[in-house]
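Hi,

Here is the structure I promised to pass on. Have a look, and my notes on the ligand and the pockets follow below.

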Amino acid sequence: MRKHQILTIGECMVEMAPRQDEAYNRNFAGDSFNTAWYLRQLLPGDDQVGYCSAVGTDGISNAMLAFMQAAGISTHAVRRIPNRTVGLYMIELANGERSFSYWRGESAAKLLAEDRTFLSEAVAGQDLVLFSGITLAILSETHRQQLLNVLGEARARGTTIAFDPNMRLRLWPDQQTMCRAVSDAAKLADIVLPSFDEDGPNYQDASPQATIERYIAGGAKCVVVKNGPDRIHAFSEEEGHVVFDPVPVDAVVDTTAAGDSFNAGFLAARLTGSAMVEALAKGASVSAQVIKSRGALVAIEG
Ligand code: ADP
């Protein structure tokens with residue numbers, strides 16, 4: 001089978017996750033990076049999975065790159081920006097509820113789309129490129145447009161573009177700006193991977209089918225609407241509407257990266273030619289394993 005080249009674009013952050021003893025475990029995570037990490041686990045070793053972002057030149061940036069490389073993820077598309085560093089978030093646990101605090105003001109990743117030539121070279125020749133609403137949210141308006149222009153050119157040259165709207169209102173000035181940016185980005189995507197609990201309220205979609213229709217009307221060829229434990233609704237030009245009911249998971253431990261790992265399972269299956277229903281089943285089975293353990297990055301079986 002032909003070797004694939006896959007790139008995901010966005011921000012990976014330092015995660016400080018509490019332990020029992022008031023110390024913290026230091027991990028690395030971020031939606032687009034999590035998807036790359038799961039794709040790396042799922043795809044054959046001779047497929048290339050790369051990450052596109054920007055980091056600083058300090059020790060923690062070096063540690064993040066070393067972590068990616070040790071996981072088998074190519075970092076050729078990670079720019080180094082002196083005097084910047086990587087973003088950080090801390091998880092606090094109070095009565096079993098997790099809350100998150102973020103430090104990303106100085107994050108180098110905010111400048112990932114600054115250098116048009118670097119970006120164009122990073123996406124050149126890729127079979128599949130994935131980015132998200134969080135990728136867009138951290139960029140200035142000018143850089144956001146630059147990213148979309150470069151992705152549009154890549155698509156015209158045959159790269160498949162996948163986009164997860166991942167709508168995080170606190171990263172945007174207001175809901176209208178977020179919705180407009182997400183809709184613009186989805187227009188240049190072949191595959192749109194929304195979650196109904198975000199798209200439904202933000203766009204006033206009455207149902208997952210309405211979410212599908214809105215993205216198809218915008219130009220997407222394939223839309224998969226995730227919906228937590230509920231029925232997944234999908235549409236593709238070739239196969240029409242397809243639904244899949246995830247196998248219920250009784251002991252949900254932590255739903256972090258459920259959507260990111262679903263995306264990896266789904267895209268890995270599609271890359272290797274699976275039909276829609278098989279790809280939905282693969283996405284659901286990967287995310288079902290992920291939500292049974294704590295943390296964003298969980299070792300999975302096949
Ligand atoms: P996101 O993390 O983007 O909000 P979802 O919560 O919709 O994504 O979950 C993505 C996928 O993870 C779902 O389509 C489903 O396959 C799986 N999943 C999430 N929560 C559950 C659950 N409680 N039981 C079984 N599967 C789940």
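A word on terms before the pockets: helices (H or I, at least four residues) and strands (E, at least two) are DSSP runs, numbered from the N terminus. This is a predicted model, where local features need pLDDT of at least 70, side-chain atom pairs count only at pLDDT 80 or more, and totals for chains, interfaces and linings use all residues. Residues are numbered from 1 along each chain as its sequence is written, and side-chain values use heavy atoms, with hydrogens and water left out.

Start with the ligand. Of the 16 residues around it (a heavy atom within 4 Å), S195, G228, G259, S287 and I291 come nearest. Three polar contacts (N or O atoms paired within 3.5 Å) are worth finding, each to an oxygen atom of the ligand:
- G228, through a backbone N or O atom, at 2.7 Å
- G259, through a polar backbone atom, at 3.0 Å
- S287, through a polar side-chain atom, at 3.1 Å

Both α9 (258-271) and α10 (276-290) supply at least two residues of this shell.

As for the second largest pocket, it holds about 220 Å³ of space. A pocket here is an open set of points on a 1 Å grid over the protein atoms alone, where a 1.4 Å probe fits, with protein on both sides within 12 Å along at least five of seven lines; lining residues have an atom within 4 Å of a point. There are 13 of them, with A17, P18, R98, R294 and G295 nearest the centre. β2 (13-18) gives the largest share of that lining, three residues.

Cheers

Key:
Polar contact = N/O pair within 3.5 Å; in protein donor to acceptor, adjacent residues only side chain to side chain. Points joined across faces, edges and corners; volume = space filled by probe spheres on them.
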